[in-house]
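Please open the model in your viewer and keep the sequence panel beside it. The tour below goes from one selection to the next and says what is found at each stop.

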Amino acid sequence: MATSQIGKVDTVVDAKGQVCPMPIVMLAKAFKDLAVGQILMLLATDAGAKKDVAAWAEKTGNLLLETSEEGGVLAFYLQKV
Amino acid sequence: MFGSTPQPPQIPPAKQPEQLAPLPMPKEMTPPATANRMAIVLFSGTIDKLMSASIMATGAAAMGMDVEIFLTNWGVWAFRKDDYLTNTRVSADYADKRGVLLEQIAAKKVTSWMENLEGAKEIGSVRITACSHSMTLFDLQLSDLEPIVDEVIGVAAFIERARESAMTLYI
């Protein structure tokens, strides 16, 4: 598991092994149930996810707090705005 | 041997035109607001292209865009009830890659194009319509198609939706 400066994570979405567009779909779905201010951690291995998640956060106006990578697994920390 | 190259005539630098205030646009000429929508003409019924179309639609839905998919010809054919369960057609120009593609889809556990479209409908506003002309050609009713198809419409109705859309794809 990737280490992070983010203390509390409210929801974890595991999209490891999922191919584009599934990581973004799972992220968008999970965000619907999130309350404003809550933090979601998304795990993904799809190479496209790095740019996709950043683009998604920018377009939807949510915050991408942190991205880390460990052993081929990308971890994204996102906060609902 | 041809003598010296003639020098271009010296042109004084052009005067910067004065900045003019934009002309007020009459109300009736105001262009229609561009809808935050992706329109797709889905003509193909081969899984390679259905896959691409479904990923485009899903991506757009995830990015907060509305999606309007207009099925025509083989697009309609591919949405006949239960057909997707046995559809393994690929584009004829890549027929030699069909085996590899099917193997890879199974090996990488890629979600099917139908699952992608179902997912797109869950996260966004996605409307799938079928071309009435193709429905007549193939002798089909809306009830003969997968329930994911919302409606049968004519080309004019789709063109109107596409005209307002931010982008239109033909797949």
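Begin by selecting B:Met51, which has its place in helix α1 of chain B; helices here are DSSP runs of H or I with at least four residues, strands are runs of E with at least two, and both are numbered from the N terminus. Before going further, please note that this is a predicted model, in which local features need pLDDT of at least 70 and side-chain atom pairs count only at pLDDT 80 or more, while totals for chains, interfaces and linings use all residues. Residues are numbered from 1 along each chain as its sequence is written, chains are lettered from A and ligands numbered from 1 in the order in which they are written, and side-chain values use heavy atoms, with hydrogens and water left out.

**The surroundings of B:Met51**

Is B:Met51 buried or exposed? B:Met51 has a relative accessible area of 13% and is therefore buried, given that buried means under 20% relative accessible area, exposed means over 50% and partly exposed lies in between, with a 1.4 Å probe and protein chains only. If you now show its contacts, which are heavy atoms within 4.5 Å, and leave aside neighbours within four places in sequence, B:Met51 is in contact with B:Ile105, B:Val110, B:Thr111, B:Trp113 and B:Asn116. Add B:Met114 to the selection as well: B:Met51 and B:Met114 are 63 residues apart in sequence, and their C-alpha atoms are 8.4 Å apart in space.

**Two loop residues with positive phi**

Next select B:Lys109, in the loop between α3 (98-107) and α4 (113-123) of chain B. B:Lys109 counts as exposed, because its relative accessibility is 68%. Its phi is positive, about 50°, although B:Lys109 is not a glycine. Most residues other than glycine have a negative phi, and most peptide bonds are trans.

Then move to B:Asn73, in the loop between β2 (66-71) and α2 of chain B. B:Asn73 also is not a glycine, yet has a positive phi of about 45°.

**An aromatic cluster**

Select B:Trp74, B:Trp77 and B:Phe138 together, since these residues form one aromatic cluster. Rings of Phe, Tyr and Trp (its six-membered ring) pair if their centres lie within 6.5 Å, and planes under 30 degrees apart count as stacked, over 60 as edge-to-face and the rest as tilted. By this rule there are seven aromatic pairs over all chains. In one of them, the ring centres of B:Trp77 and B:Phe138 are 5.0 Å apart and the planes stand at 55°, so the pair is tilted. This pair links distant parts of the chain, as B:Trp77 is in helix α2 (residues 74-78) of chain B, while B:Phe138 is in the loop between α5 (132-137) and β4 (151-153), 61 residues apart. With a relative accessible area of 29%, B:Trp77 is partly exposed.

From B:Trp74 you can step to B:Ser44, which touches B:Trp74 and also B:Lys49, B:Leu50, B:Gly75 and B:Ile171, not counting residues up to four places away in sequence. B:Ser44 is found in the loop between β1 (35-42) and α1 (47-62) of chain B, and its relative accessible area of 9% makes it buried.

**Chain B as a whole**

Zoom out to show chain B, which has six helices and five strands, running β-α-β-α-α-α-β-α-β-α-β from the N terminus on. Its C-alpha atoms fill a box of roughly 75 × 55 × 30 Å, taken along the principal axes. Of the 171 residues of chain B, 36% count as buried.

**Chain A**

Now select chain A, where two helices and four strands follow the pattern β-α-β-α-β-β along the sequence. The C-alpha atoms of chain A fill a box of roughly 30 × 25 × 20 Å along the principal axes, and buried residues make up 42% of its 81 residues.

For the last stop, select A:Cys20 and A:Pro21, which are joined by a cis peptide bond with omega about 10°. Where is A:Pro21 found? A:Pro21 lies in the loop between β1 (11-15) and α1 (22-32) of chain A.
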